[in-house]
Structures are given as C-alpha cells and as structure tokens.
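This briefing goes through one protein chain by topic, from its overall make-up to individual salt bridges and backbone details. Please keep the sequence and the coordinates at hand while reading.

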Amino acid sequence: MSFHASRSMKVLQDPDHRDRQKTHPTTIILFRPQSSQAAMRPKEHKTFMEEAYSADIRQTCPAGSPPTVGRTISRVWASGRALKRASTWMDKAKACPRAHSPPWPPAPQELEEAYQDAAADVLLAVCRHSWWVVAQHLEAEVLTGVFPHRSLLYVMGIMTSNESVIHQGEKACWEEQLAKMAVKSVQFLNKDVWSKELLLALTKPDQTHQEQPPEKAFLFMYYGLILQAEDNATTIRAHLRTLLGTSHEWPKQREDETLKQSFLAAVLTLVGAISRSEEAHGYKFSQISELLECLVGLMEKEPQNALCTSTRQQTIHIISSLCKLRPPLDLERKSRLLSVCLRSVLALPLLDVLEKHTCLFLEPPNIQTLYNETSEALDQMLQSFITQTPTAEELHFLLSHMHVWLASEKAHERQRAAHSCMALLGFLSHNLILDTKEGFLRIGQLVGMLGLLCQDPDKSTQHSSLEGLAHIYQLLMRQRAREVLKVEMRTPKQLSQASEDGDPVCSSRDQKTAPPTRWEMAFPKDHIFQEVMENLTAAELTDLIWTAVTGLGSTSPSGVQAAAHMLLIAVQEHGAKLETVTNLGQAIHLQLCSIHISRAKDLALHAFTLLARNHTPELVATLLDSSMPLDSHALRLWRALGAERPVSRLVVATLLAWLRERPLPPGAGDGSPPPKEKAHLRTLAAMNLLKELQSAHEFKKAVQEAYPELLLALLTQMYYVLELHLPEGPQRTATSSPQSTSLEALKSLLSSTGHWWDFAHMELQDAWKLFASTRTYPQGVRLLARAMVQIPCGHIKAVMGQLLAALQSEEEGERKAAILVLTEFLYSPELLEVLPRQATRIVLARSLGDPSPEVRVLSLKGLGNILFHPEKGSLLRGQLPAFLNGLFQSSEQVAVQLMGTVSDVLHRLGTNGMATQSLQVAVSARSFFDDERDGMRAAAMVLFGNLVAALTDKELSGLRTQVHQSLVPLLLHLQDRCPAVVAQAKFALYRCSVLLRWRPRHTLFCALAWERGLSARHFLWSCLVTHSQQEFSIHVAQALIYLHSRHHHIKTWAVLFIGYTICYHPQAVSQMMNSANTSLLLCTFEDFKKDPEPSIREFATKQLSFLREVVAAKPK
C-alpha cells in the first residue's frame, strides 16, 4: 500500500475528525465499514483525505479569508502542530493493525515522513480553494537554499499534473510562476550539497515497477527549467554529463549485472572443468536440466529492447557447451531452449534503435560488434547441435524453429533469420558431416521459404537466401548421389569459388544493402531456384507449393507478390509431378479472398490455370465443394480453370458428369422431405456453375460445342429439381432457389449460344412458368422443342444423337425429357437426315416397353404421327372448312375452341402444309383482330401466328399481302386493354418479322419483350417502315382507320404512328392524304393536346403545327 493510502487510513482514526462527522451529518457518507475501507484503492483514500481536510478547513476558517488559511497552514508546518496531529493519528492507527503494516513502533524517520505527507495533503486540500496562497508558500520553501523535501515536490507535482487541483484557465499562471522560481533557483546549481541531493533524488530507484511518482516527474521537469534558465554553458555540460552517466545505472541494476556475470563465470568454469576431464565422454552431469532452466530464465529476463552487455552471448556459449554433455536433452526441453535463444537474439530491435539505448552511457559499448558476436554465438550453437546429431531429422528440427522468423513481418528479423539459416546450411555444405542416407524432411518447405525471401525487398536478405538455396542444392546433390567423392557437381564454378574465396554475403548484420556475389551476378534468382526444384521429389515439391500458397496470405504486399511469383514458377515447371491437389485447390481459393494486389492475384490465377492442365477433374471436384454458394473469388478461379480451351472443354464435361449424378432422396416422389445428408447438393452446385460459366468468355466455345448435351442435361435437371420438392421458404431469400437456378441455366444456355429464336419463342408466350411444376413440365419441353423445329437451329442433328442415348438411360427423368423432345422433332425435315423413318419407328416402338407409363404414352402418340401415316394429311385438311365456318357463330367459347383446333391441325400437318386453305385461314383470323371480345382477339392472333410459323417460302408468296396487312393491327394492339391480347400480339408480330426476315432480330425481340415507352414504340415503327416501304400507303391507311377506335390506348398509338410517319416522310403522306383525312388528323391532334400524359400533349402540339405546315405547303 502506498504512503498516500497509509495517510488516508490514519485520517479515519482521528478522534477529532470523528467528532466533527457526528456534528455534521452531511459527511457521514465518508465513513464505511472496515471491510469496505480495506478495499478502497489508493486514489480513493487520497480523495477521501483531501475532502476530509477541506471539511476541516471550512469549519475552522470563515468564508472568503484565504490569506488567513494560508498563514495558518504555514504556521502549522513550521511550528510542528502538524507533527503533533500526525502523531495522534499514528497512535490511533496502531490500534488497528493491517496485514501489510510495518512493525511498530515506527522509526523516527518513518514518523517524520508520515508527518510531512500529512502536511502535504493539507496543502493539496487548500489548493482546491486558494491555490495561489499555497504557491506563495511553496516558492518561499523552495528558495530557502535547502533542497526541498519529497512531500513538497509531491504537492508541486500534483498541482502541475492534476487538472482537478488547478483549473485549466489558471494553469498558465502556475506555469509562469514555476518558470520564475526556476530562474531564482539557478544559483543553487553551484552549491555542492544542493546539487548532490538533486542528483540523489533523480537517480533514486522507485519501490515498484509502476509509473514514475509525481514528485520525481516534477523534479525532472523543474530541473530542466533550471538548466534552461542557466546561461553558463560549462555548468550545463557538467550537470548533463553527471546525470547522463548514471541515469541507466541504478544501484540495483549494477548489483544485478554483477550477480549475472558471477553466475555465468562460475558455470563456464564448471563446464570447462568437466569438458577437460578425461572421463568427460562417459560422465553424466545430472544437473544439466536445472542449470539449463536457470540459463533459459536468465535469457528470458534480458530486456528485449536493449543490448548493453555480453550476457546473451555468454549464456548462449554456455548452453552450447552444456548440450555437449550427457545426458542429452529431450526434444521438448531442447525446443524451448531453441525458441528462447532465437527470440532473444532475432527479435532485438534494429541496431540504430539499440544504439539509442546506450547514448546516455559515458562509455557506450560498440553495438555493431556486440550484436555480431551475439549472433555468431547463436549460429555456433546451431552448428554445435547439428554436429552432435548430424541427421536429416535434426536438421529439420533446427530449421523448423527458424520458420517463424523467416516469415516474420519485420524486415530485420527476416534478414537475421535468413543469415542464420544460410550459415547453418553453409556449415553443413562445407564440412560434409550430414548423414545423407536418409531423405531430407520437409526440405521443400525450407526451399519455399528461402525462395520467397529471394524476392524480399531487403537486398541482404535476398543474398543470404540465394546462398542458402545454393547450399541446399549441394546437399541435395550429395544426398541423391549417396557418395560424396563420386559426385560431379553441377553447381556453377563461380558458386564453389565464391564459397572458397570466402566472399561474405553480408559483412555485418542489419545491413540495408549488400553487394551481390559473383555467382549471383552470373545466374538469375529463378535459375538457381529452378535448379533446386529439379532435385526435389513430388512430396517435397508439394511442400514447396504449399509454402507459396501460405505466403499468399502475407500482410506484406511484397511477400504476397513473391509468393504468387514462386507459385507460378513451381506449377509451371513441376505441376504435373504433384500427386494430389485437392487441398491445394481449396487453400488457393481461401487465400485468393485476402489478395488485394491485382498483379499477385493474376499470377496466382495463372498458376491455377497451369495446375489444371494435369489435374482438371480433381480441381473441379474441389472447387465444386467450395462453390456452395458461389462467391466472386471462386468464380474467378473457375474462369482461370477454363482459360485454356482444351481444359475448358474438360471442365464442362466434368461438370456435366457431376450434373448427371442425381441421387434421388428416398420418398422424393411422394412429397416427403429430403434426407438430412442432402447428397443432391453437388449436382445442384454443378447446375449453378454451368449457369454462371455459360456467359464467361473462357467457356463460350466449350459451351457452344457441348450445347446438345447441356440442353438435354438441363431439361432433365429441371425435372429432377421438381421431384426433390425442395422448400421455397424464407431460408432461400438470400440465394436463388434450385428451381429458379435450373430455369435460369436453361435460359442462359439459349441466349449465350445464339438460340435467340428459341428463347423468344418461350419468353413471348410466357412459357417459362410451365417449368414450375411436374404437371406442366411436359408442355414446356414440347414448346421449346417446337421452337427448334419451326426455326431450324442447326443443332437438331446433334441433339438427336443425345436423345437416342438418353432413351436408354436408367434415370426416368432423362428418358421422359428425351421422348418429349423426340415427339416434337418428328415434325422436322432434319430428323430423317439423322434417323430414317423405319429406324425412328423402331426407337419409338422400343419405348413402348419403358417402365414409366408417361414414356409409354408419349411413345404411342409419336407412333401415330403423320410422319408414319401420310394419309392423315388429307383427312385433316378435309376437316378445315367446317372448322373455319364455325368461327363465325355467336358462342365465344365455341369459336375460341375451334381456333385452337385449327392451330392444332396446323401443327399436326407439319411440313405437309395446307396448300390453298392457308389464305382462308389467314383471312378468317385477321377478321377477328379488332373483335370486341378479348378472348376472340387473343385466339385469332394465336391462330395467325401459328399459320405464319407453319408457312414455307413457297406458301409465303401467296400470303405476303395478308402478312403485311396484319402488321399495323398487331403493332397497335400492343396497347390493347387486355394483357392476353397484348402478349399474343407481340408473339404474332415477332413471328411475322422472322418470316419477313427483319433485322436486327435480337433487338426487335428485346423491344417487344421488355421495352416500354415512346422509344420502344418509335423503334417498332421504324422497323415496320424500313422493311415494308412498298406497303407504305397500306400501313398509313390502316392507321387512319384506327383513329376512329373507341379504345383510347389504341387510338393514341395510331396517332403516334401517323405522327412519326408525317415527321419522317412528310411528302409521301401529303400525296396520299385527302381533305377528309387531313381534317380528321387535325381534329385528332387538337384533341390529344388535352391528353393527361405530358409527353403525349407535347407530341400532339408539335405534330399539329407541323401538319399545318405540310398542308399549307401542299400544291392545290
């Protein structure tokens, strides 16, 4: 307990104080039970003390009389009343002994210290009320010529450092007064007694290792102010020399250092005596363990931020000598010893920092020499260990303790570790003591670490690492040859010569630069590194590459760059030798997340690309597990995996193989939940990856080539996902559900491979939703296959090859998807180019024996196709007149069903066509485009679209006028009030554009499918006008008719159509317009100037003005 705490406890025992507390109940809260008092911290006691004194002063001194208070305190100090009161407190305190109290009675000196402390507390209490009075008293005491007592300095220290004593606003006044006091104290510097007491107070060691007490901190500051005020330079130098010469040599420190040196000298003498004995070889020194523990403890207590003595050096030398004696150390003790010694030397600060710690010494040691000798002692200890046990296992043991320092984030620690490692390897290389019968353990890891350091920013570290690699090369060559004398060294002569000449890699430790050796100038770093790698086994190469991968996670940018560079070199030269790369691929993925240097990331990705040349299936399986879910780093690895075309093909093929691994959970078909193990996750991950990779340029060609396989695989996958009955609840909000992912994968396949017609066919019919359930799934597959038949894509032949194989699959979903596609392909002329009619019949007949009832039913329907029964064509065509006549009856339901029947007949006739009946169908369908019944309009557009899709080039010549006359109605009905009519108008218009070969087809589809607003309408108008110039007058006349429409949206669209036409083709419109049409247009534009939509109002205003100009300019 500090002396402040002691003083505070004494106040609690003061009877006068206790009486005052009874009189004034407001201070009762200061008294606590004894247990609570004992638990108070020193700061709380001090505060309590000052508050108690403040209460005393407030009682005995009237308010507003600070001078009286100050004089009272001064008299108390001088007259000894404080001594009497303190004596009373001390006597009372003796009655309550504490666990840590000093023995009683106290010595007179201790009692005097207590009295002085009590008076200091009184002064601090007064300071809180009238600090300037205390300051005057302190100045008088300090300037008496007698060195101030510690308690006075304590008061001044608290007044200087504690803001609660003197407020911030008055701090400057106190500091100004201190400066004046310092000027007046200059005279005391030349007084021997005062100066000696000052020096003694400054150098007196503290009782604890905690922060400096306030009195000493203030004394240092005040001493500095005095020296600053001194004008005599000789006096200043004398005081500084005296202070600095002893500031780091406190009495206890000097005593400790003497004990250390005596102990070390004794141990050294003992070890020397044992070693010189003739029986030393067989002598067992049983006290080795205890002695080493003492030495290790001594090393651990050495200051880690200073190197002032040779204690470390001597201790390491003694440890080396002790370890030569018997019994040998166990590995655990030896490991601790190595760790402590390495940390004690390698973790020292830079030499510049070490020198700063000795700048105050009168005779500072040579830090460079001292460190070199200490480091050499460490190297000799390592060499001593390997000499006693010259095995590869011992070498691995020693070097494994160096790894943490070779990978240090501090440059000087890496430099020192690299030099020590090089020194040990050089010792083995030159002395030929290592037993080469056994293979090196984890030598690949060491080669990797030195390879990384060969690219270290520090030149000295580079040189040490390169020479270390050269020594490893020599050791490997000897180990491979097994006979040292017969080895024909492949090492360059310059390398051996450099070692023989003794050219130092660096002459001293902690160098910022070092000149390259002659062999280093002649041979690049990568050459030396590659020479070493050539002699590593597959396991050692794996260790090396793992070291590089671990280095990718370095916090140093240069370290990450070096690791990426080394990884690339190792994989490029020896990637094929690696036996397994599963864990390696996972590690690269994890490290890639932490690499923020683009160049290093590119190198690592390139290495991954090269690694995939020989390990594609293994890496695909590894990354598949790491891609659930797929993040951006994993996606970059996948793209790197497919950077080379042959590998990209293999990646797609491997993913397809995983996609086909569809373990069906028990009871999946009856709606039971999937099993806990979820073995289906890999096939879902493969599906998700194929979706993502289809749009990557690295896989574009591979996906194109695998399109037939991917198409059938994804159709099967969609059915498989539906059978899993996976939940679609909130747990899947963060990521796409398997159902949506499988659908998006199919969409991506069609769009990325250029099958936009197939995509548009499904999109404009809103047919994607058919894949949402197993009930509607067959219809979705048929519509997609039908789109492929109607617009030949060039892949039907290739897809047919996949269908035949899929029909033999063991998986029901795959057979079902295959038979659905095949029955639609029966309408394609390309089918017979792949499979003759009879062969097709045999395939379908064989499927009649399929275990699945659905497959059997579909096969039976396929056998009834018109392909096998041509006579059905005339029968179907004979029914068409009756169907068409029934369209005009009053029942909307019957008429709509008849239109559907006619559409079905068109589909069943396929390429046989309807000959002359096509015109009748077209006219009948167009007549219902403007029917008031929504269902009739939609069904008519479906029928007309199906007719257009079934037309051949030969039939088009007779129906071209009908197709052109349908364009404006279909275009205007894009603004129909019925959504179903709008959807069918889009699809029919797109089918007409395909038949008429409008370009650009993809942009037209996008405008129809997703675009809205005036810009989309203008684009569609421009397509119509551009591709139908001969029918210009027909289109304008049709648009004028729609100005009479009762549907506002269609009428608005007609106004826009005509407005665009007048704007871009004013002369042509003017020539064909009569007065009635002109008046109609003027009235219509005038009406639309009042339209609710601002853009329409603005358009109508401009067009009205322009139309009037056109009419005025028209010749009469």
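At 43% relative accessibility, Asp766 counts as partly exposed, and this residue is a useful place to begin because its backbone also stands out: its phi is near 55°, a positive value in a residue other than glycine. Asp766 lies in the loop between helix 37 (756-764) and helix 38 (777-790). The coordinates come from a predicted model, and the points below should be read with that in mind.

**The chain as a whole**

- The chain holds 56 helices and 0 strands, and buried residues account for 51% of its 1116 residues.
- Among contacts between residues at least 6 apart in sequence, 74% join residues that are at least 24 apart.
- The count of salt bridges in the model comes to 35.

**Backbone details in loops**

- Leu432 likewise has a positive phi, of about 55°, although Leu432 is not a glycine; this residue lies in the loop between helix 21 and helix 22.
- With a relative accessible area of 44%, Leu432 is partly exposed, since that value falls between the 20% and 50% cut-offs for buried and exposed.
- A cis peptide bond, with omega of about 0°, joins Arg326 and Pro327, and Pro327 is found in the loop between helix 15 (311-322) and helix 16 (331-346).
- A cis peptide bond also joins Arg999 and Pro1000, where omega is about -5°, and Pro1000 lies in the loop between helix 49 (979-995) and helix 50 (1001-1009).

**Helix geometry and packing**

- Helix 51, which covers residues 1014-1027, has 14 residues and reaches 20 Å from its first C-alpha to its last, close to the 20 Å expected at 1.5 Å a residue.
- The buried residues in helix 51 are Ala1016, Arg1017, Leu1020, Trp1021, Cys1023, Leu1024 and Val1025, a list that includes the charged residue type arginine along with nonpolar ones.
- Helix 30 (residues 598-625) packs against helix 31 (residues 632-641) at an angle of about 85°, and their axes are 7 Å apart; because angles from 65 to 115 degrees are counted in this way, helix 30 is roughly perpendicular to helix 31.
- On the side of helix 30, the contact is made by Lys601, Asp602, Leu605, Phe608, Thr609, Ala612, Leu619, Val620, Leu623 and Leu624, while helix 31 contributes His633, Arg636, Leu637, Trp638, Ala640 and Leu641.
- By residue type, the contact of helix 30 with helix 31 divides into 11 nonpolar, 2 polar and 3 charged residues.

**A buried glutamate in a loop**

- Glu230 is found in the loop between helix 11 (214-229) and helix 12 (233-246).
- Why does Glu230 count as buried? Its relative accessibility is 12%, which is under the 20% cut-off for that class.
- Leaving aside neighbours within four places in sequence, Glu230 is in contact with Val186, Leu189, Thr235 and Ile236.

**Salt bridges**

- Side chains of opposite charge can pair when their charged atoms come close.
- Arg414 forms a salt bridge with Asp456, and the closest N and O atoms are 2.7 Å apart. This pair links distant parts of the chain, with Arg414 in helix 21 (residues 411-431) and Asp456 in the loop between helix 22 (443-453) and helix 23 (459-481), 42 residues apart. Both Arg414 and Asp456 are buried.
- The side chains of Arg333 and Asp330 meet in a salt bridge at 3.6 Å, N to O. Arg333 counts as partly exposed at 27% relative accessibility, and Asp330 is partly exposed as well, with a relative accessible area of 38%.
- The side chains of Arg908 and Asp904 also meet in a salt bridge, here at 2.8 Å, N to O. Both residues lie in helix 45 (residues 892-909), 4 residues apart, which is about one turn of the helix. Arg908 is partly exposed, with a relative accessible area of 41%, and Asp904 is partly exposed at 34%.
- Salt bridges that share partners join Glu293, Glu300, Asp330, Arg333 and Arg336 into one network.

Key
Residues numbered from 1 in each chain as written. Predicted model: local features only at pLDDT ≥ 70, side-chain atom pairs only at ≥ 80, totals over all residues. Heavy atoms only, no water. Helix = DSSP H or I, 4+ residues; strand = E, 2+ residues; numbered from the N terminus. Expected span 1.5 Å × (residues − 1). Buried < 20%, exposed > 50% of the residue type's maximum accessible area, 1.4 Å probe, protein only. Axes fitted to C-alpha atoms, helices over the stretch in contact; angles between N-to-C directions. Parallel < 35°, antiparallel > 145°, perpendicular 65-115°, else oblique. Contact = heavy atoms within 4.5 Å. Salt bridge = Lys/Arg side-chain N within 4 Å of Asp/Glu carboxyl O.
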